[in-house]
Amino acid sequence: MTPLAPAERAAAAIAYIPFVPPAVILFLPAFGNNRFVRFHAWQSILLWGVFFVLTIIALLLSNVAAAIVFLLFGILAALAMLFLWIVLTLKAWEGERF
């Protein structure tokens, strides 16, 4: 396995900033054809997309039933998302796919 250039690792780590950077990175000619950077950009887009969809669903459901339960679930989900975001960003910076 060949070591990755620091620019590729940095672009993959920056791809985990929500929505705009992954989309921008996918369209940059320098990184658009790089499989490692594309993998992390698409993973970031899917990760944040699923998180925001689940957040909207939980907000809608909390207006109908058991607001406290959904509030606690939301706090736990946000903490889990923060942890996952940090782990994935560090793995991208280290040059690993996770």
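**Reading an all-helical predicted model**

The protein has five helices and zero strands. The model is a predicted one.

Me: In what order do the secondary-structure elements follow one another along the sequence?

Reply: The pattern along the sequence is α-α-α-α-α.

Me: How should the overall dimensions be read, and is the protein a compact globule or more spread out?

Reply: One compares the radius of gyration with the value that the globule rule gives for the chain length. Here the radius of gyration is 16 Å, well over the 13 Å given by the rule for 98 residues, so the protein is more spread out than a compact globule. The C-alpha trace spans about 50 × 25 × 15 Å along its principal axes.

Me: What percentage of the residues is buried, and what does the exposed surface consist of?

Reply: Of the 98 residues, 28% are buried. The protein exposes about 6600 Å², and carbon and sulfur atoms supply 80% of that area.

Me: Which residues touch the most other members of the largest nonpolar core?

Reply: That core has 17 residues, and those touching the most other members are I25, F31, V37, M81 and A92. At least two core residues come from each of α1 (6-14), α2 (20-27), α4 and α5 (67-94). Helix α4 gives the largest share, with six residues.

Me: With which residues is I25 in contact, once its neighbours within four places in sequence are left aside?

Reply: I25 is then in contact with A11, I14, A15, F31, G32 and V37. For the protein as a whole, among contacts with a separation of 6 or more, 67% are between residues 24 or more positions apart.

Me: How does one read the two sides of a helix, and which residues of α2 are buried?

Reply: The general idea rests on helical geometry: an α-helix has 3.6 residues a turn, so residues three or four places apart point the same way. In α2 the buried residues are P21, P22, I25 and L26. These residues lie on the same side of α2, because they cover an arc of only 135° around the axis. V20 and F27, on the other side of α2, are exposed.

Me: Where is W42 found, and how is its accessibility to be read?

Reply: W42 is found in helix α4, which comprises residues 35-64. Accessibility is read from the relative area, where partly exposed lies between the 20% and 50% cut-offs. W42 has a relative accessible area of 46%, so this residue is partly exposed. Its C-alpha atom is separated by 12 Å from that of I14, and the two residues are 28 residues apart along the chain.

How values were computed. Residues numbered from 1 in each chain as written. Predicted model: local features only at pLDDT ≥ 70, side-chain atom pairs only at ≥ 80, totals over all residues. Heavy atoms only, no water. Helix = DSSP H or I, 4+ residues; strand = E, 2+ residues; numbered from the N terminus. Buried < 20%, exposed > 50% of the residue type's maximum accessible area, 1.4 Å probe, protein only. Core = buried A, V, L, I, M, F, W, Y, C linked by side-chain atoms within 4.5 Å. Contact = heavy atoms within 4.5 Å. Rg over C-alpha atoms; globule rule 2.2 N^0.38 Å. Areas by Shrake-Rupley, 256 points an atom, 1.4 Å probe, with all protein chains shown as cover. Arc of directions from axis to C-beta.
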